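Please look through the sequence and the structure shown here before reading on. The briefing that follows goes from the whole chain to its sheets and then to single strands.

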Amino acid sequence: TLPSSVTAIGIGAFGGCSGLTSITVPSSVTSIGSRVFMSCSGLTSITIPSSVTIISDFAFDHCSALTSITIPPSVAIIGSAAFQACIGLTSIAIPPLVSSIRDYTFSGCNNLISIEFPPALESIGDYAFSGCSKLRSVHFAYASKLTSIGAYAFQDCTNLRVFWIPENMVSVGEYAFSGCTSLWLLAILEGVTSIGEYAFQD
């Protein structure tokens with residue numbers, strides 16, 4: 001447990017601490033910096049307080065033992081590759097203020113089964129969920145604001161069966177769903193104006 005006197009955690013502060021198994025971040029901290037817990041391969045749980053508004057790039061990258069994490073509703077920004085290769089994660093709920101899932105955020109989380117997106121989400125970045133081979137369930141909130149899905153965003157999500165593209169969607173990037181070999185129902189509404197090369201290639 002970090003003391004309440006801590007207000008900032010520097011870049012890579014605990015990076016590679018493989019013996020670290022759990023940590024409680026105090027409410028005095030407002031952001032989790034870049035690479036702070038990167039490659040903490042023994043980390044199984046972390047408590048993030050409601051004071052935190054930003055989870056920076058690569059913050060939990062390759063935390064392979066992390067099985068669950070509750071992201072508080074105060075978080076508005078989740079950085080690129082923040083949870084990349086967190087192979088222990090099975091589900092995640094994105095907080096209501098998050099408007100963008102950035103590049104590689106959950107790439108390689110190959111045990112992730114389900115994810116819930118908030119209404120405020122507007123974009124899903126390149127490779128955001130690529131290689132999430134067990135992902136079966138993707139839930140969009142009613143009146144979703146999602147307009148774009150990036151290149152390779154759901155590439156090789158081999159267990160993904162159904163995907164309903166929200167009504168505000170405009171563009172689907174190249175190879176966005178390539179390798180989604182179990183996908184049998186895909187609903188694309190009239191608002192979509194751009195579908196990238198090989199977007200749905202098996």
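Two strands are said to pair if DSSP finds at least two bridges between them. The model described here is a predicted one, and the protein in it has 15 strands and zero helices. With a radius of gyration of 17 Å, close to the 17 Å that the globule rule gives for 202 residues, the protein is as compact as a globular protein of that length.

**Overall form and surface**

- The C-alpha trace of the protein spans about 55 × 30 × 20 Å along its principal axes.
- Of the 202 residues in the protein, 45% are buried, and the protein exposes about 8800 Å², of which carbon and sulfur atoms supply 52%.
- If one takes the contacts between residues at least 6 apart in sequence, 28% of them join residues at least 24 apart.
- The protein has 6 positive and 12 negative charges, and the mean positions of these two groups are 10 Å apart.

**The sheet of three strands**

- Strands of a sheet pair through backbone hydrogen bonds, either parallel or antiparallel.
- One open sheet has three strands in the order 2-4-5, and the pairing in this sheet is parallel.
- Its edge strands, each of which pairs on one side only, are strand 2 (31-32) and strand 5 (77-78).
- Strand 4, made of residues 54-55, pairs with strand 5 in the parallel sense over two bridges, and Ile-55 stands opposite Ile-78 in strand 5.

**The sheet of five strands**

- Another open sheet has five strands in the order 7-9-11-13-15, with parallel pairing.
- Here the edge strands are strand 7 (100-101) and strand 15 (194-195), and each of them pairs on one side only.
- Within this sheet, strand 11 (residues 148-149) and strand 13 (residues 171-172) pair in the parallel sense over two bridges, and Ile-149 stands opposite Val-172 in strand 13.

**Strand 8 and its partners**

- Strand 6 (residues 91-93) runs parallel to strand 8 and is joined to it by three bridges, and the bridge partner of Ala-93 in strand 8 is Glu-116.
- Strand 8 also runs parallel to strand 10 (residues 137-140), to which four bridges join it, and Ser-137 in strand 10 is the bridge partner of Ser-114.
- In a regular strand the side chains alternate between the two faces of the sheet.
- Strand 8 (residues 114-117) shows such alternation, with Ile-115 and Phe-117 pointing to one face and buried, while Ser-114 and Glu-116 point to the other face and are not buried.

Note on methods: Residues are numbered from 1 along each chain as its sequence is written. This is a predicted model: local features need pLDDT of at least 70, side-chain atom pairs count only at pLDDT 80 or more; totals for chains, interfaces and linings use all residues. Side-chain values use heavy atoms; hydrogens and water are left out. The radius of gyration is taken over C-alpha atoms; the globule rule is 2.2 Å times the number of residues to the power 0.38. Buried means under 20% relative accessible area, exposed over 50%, partly exposed in between (1.4 Å probe, protein chains only). Contact means heavy atoms within 4.5 Å. Accessible areas come from the Shrake-Rupley method with a 1.4 Å probe; for residues, only the protein chains shown count as cover. Lys and Arg count as positive and Asp and Glu as negative; His and the chain ends are not counted. The place of a charge is taken as NZ of Lys, CZ of Arg, CG of Asp or CD of Glu.
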